[in-house]
Amino acid sequence: MLLNRRKKDSLTSFLFVVPLLVLFLIFFAYPIIYNIIISFYDWNGVSLTKTFSGFDNYKKLLADPVMWKCFKNFFWIAVSTTLIQSALGIILASFFIRKIRLSGFYRILFYLPAICTTTIVGTVFSKIFETNRGYLNVMLRAIHLDFLCQPWLATPKTVMACLIFVNIWQWTGYSMLMYYTNMLNIPQDLYESATIDGAGSFKQFIYITFPLLKGTHITLILLDILGALKFFDLSYVLTKGGPAHATETFSTYIYTKSFNTFKQGEASTIVVFMFIIAMVLTVLQLRFYYKNEKEEMNGR
């Protein structure tokens, strides 16, 4: 009787999980498996026939200089946005946590770009960086700094810096809010004890605030790297991957391979590369969180 009841409860529990399992298989597992399979074929994405090519797509992409530019751009976007964005975020959060006048208004002001769609942000900054009538060059000419005027989005030396600047401008508010929220969870007793011991604001930040935000640091680093991995909107709106592939990213190159040159097999191969990078980052993230939880449990 008891055994039958347990079997019935297990079946009921399984039935509740089935819808989620079906959605997972259709919208997550199937696209990944399908992309991996297509990466071994020479296919234009339209015709019904596919030609098996083995690892030819992987060999082509590893020998493709544009693909290596994608890796290089991914590295620079990930490193620069992670370091600068996180640094600005924690500095701003440190100011706002002191409850300065109108701090709530300033927090909203800094966070506003993060809720704007990237397409709108890119369109606005395309007007700012435009060569002839762009607001930046117009302003430089107005203050007689004509020698600083540049074709900002048409020069390989400046275009990546422009993209990174816009990306940092948009997402610094998000980093600031993450740090600010977690700073509120730090016990004030620690700061009071440090003040009694003669520690100033800088030492309190170095020895209390910064170490206790370890989880936030790691989370933002991983989010920034994943954001750099799927970086598409800004690059496509501002430069479409140009000039001369200077701002080409994995996502823009996938778009080019899929819809411009109709090389779906190679596009799927790029997706596989992205998937591998994302999986490595996910494993590192899980290892960190499990280790962190274990340390907290041992500390208790």
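**Core packing, helix 9 and backbone features of the predicted model**

Asn73 is located in helix 3, which spans residues 65-96. The structure described here is a predicted model. With a relative accessibility of 7%, Asn73 is classed as buried, because the cut-off for burial is under 20%. Beyond its sequence neighbours up to four places away, Asn73 is in contact with Met160, His245, Ala246, Thr247 and Glu248.

The residue that follows, Phe74, belongs to the largest nonpolar core, which comprises 41 residues. Within this core, Phe74, Phe129 and Phe250 touch the most other members. When residues up to four places away in sequence are set aside, the contacts of Phe74 are Ile225, Ala228, Leu229, Phe250 and Ile277. A second core, separate from this one, contains 14 residues, among them Ile90, Ala93, Ile186 and Ile208.

Ile208 is also one of the buried residues of helix 9, together with Gln204 and Thr209. Viewed down the helix axis, the buried residues of helix 9 fall within an arc of 85° and therefore line one face of the helix. In an α-helix there are 3.6 residues a turn, so residues three or four places apart point the same way. Phe202, Lys203 and Tyr207 are exposed on the other side of helix 9. The cover over the buried residues includes helix 7 (156-183) and helix 8 (188-196). Helix 9 itself consists of 12 residues (201-212) and extends 15 Å from its first C-alpha to its last, close to the 16 Å expected at 1.5 Å a residue.

Helix 9 also contributes to the largest pocket, giving the most to its lining with 5 residues. This pocket has a volume of about 500 Å³. Its lining is formed by 16 residues, of which Ser94, Ile97, Arg98, Tyr191 and Thr209 lie nearest the centre. Helix 3, helix 8 and helix 9 are the elements that each supply two or more lining residues.

Several loops show distinctive backbone geometry. Most residues other than glycine have a negative phi, and most peptide bonds are trans. The peptide bond from Gly242 to Pro243, however, is cis, with omega near -10°; Pro243 lies in the loop connecting helix 11 (233-238) and helix 12 (250-260). His144, in the loop between helix 6 (135-142) and helix 7, has a positive phi near 60° and is exposed, with a relative accessible area of 67%. Phe262, situated in the loop between helix 12 and helix 13 (264-299), likewise has a positive phi, near 55°. With a relative accessible area of 42%, Phe262 is partly exposed.

Notes:
Residues numbered from 1 in each chain as written. Predicted model: local features only at pLDDT ≥ 70, side-chain atom pairs only at ≥ 80, totals over all residues. Heavy atoms only, no water. Core = buried A, V, L, I, M, F, W, Y, C linked by side-chain atoms within 4.5 Å. Buried < 20%, exposed > 50% of the residue type's maximum accessible area, 1.4 Å probe, protein only. Contact = heavy atoms within 4.5 Å. Helix = DSSP H or I, 4+ residues; strand = E, 2+ residues; numbered from the N terminus. Expected span 1.5 Å × (residues − 1). Arc of directions from axis to C-beta. 1 Å grid on protein atoms, 1.4 Å probe; cavity = no way out; pocket = protein on both sides within 12 Å on 5 of 7 lines; lining within 4 Å. Points joined across faces, edges and corners; volume = space filled by probe spheres on them.
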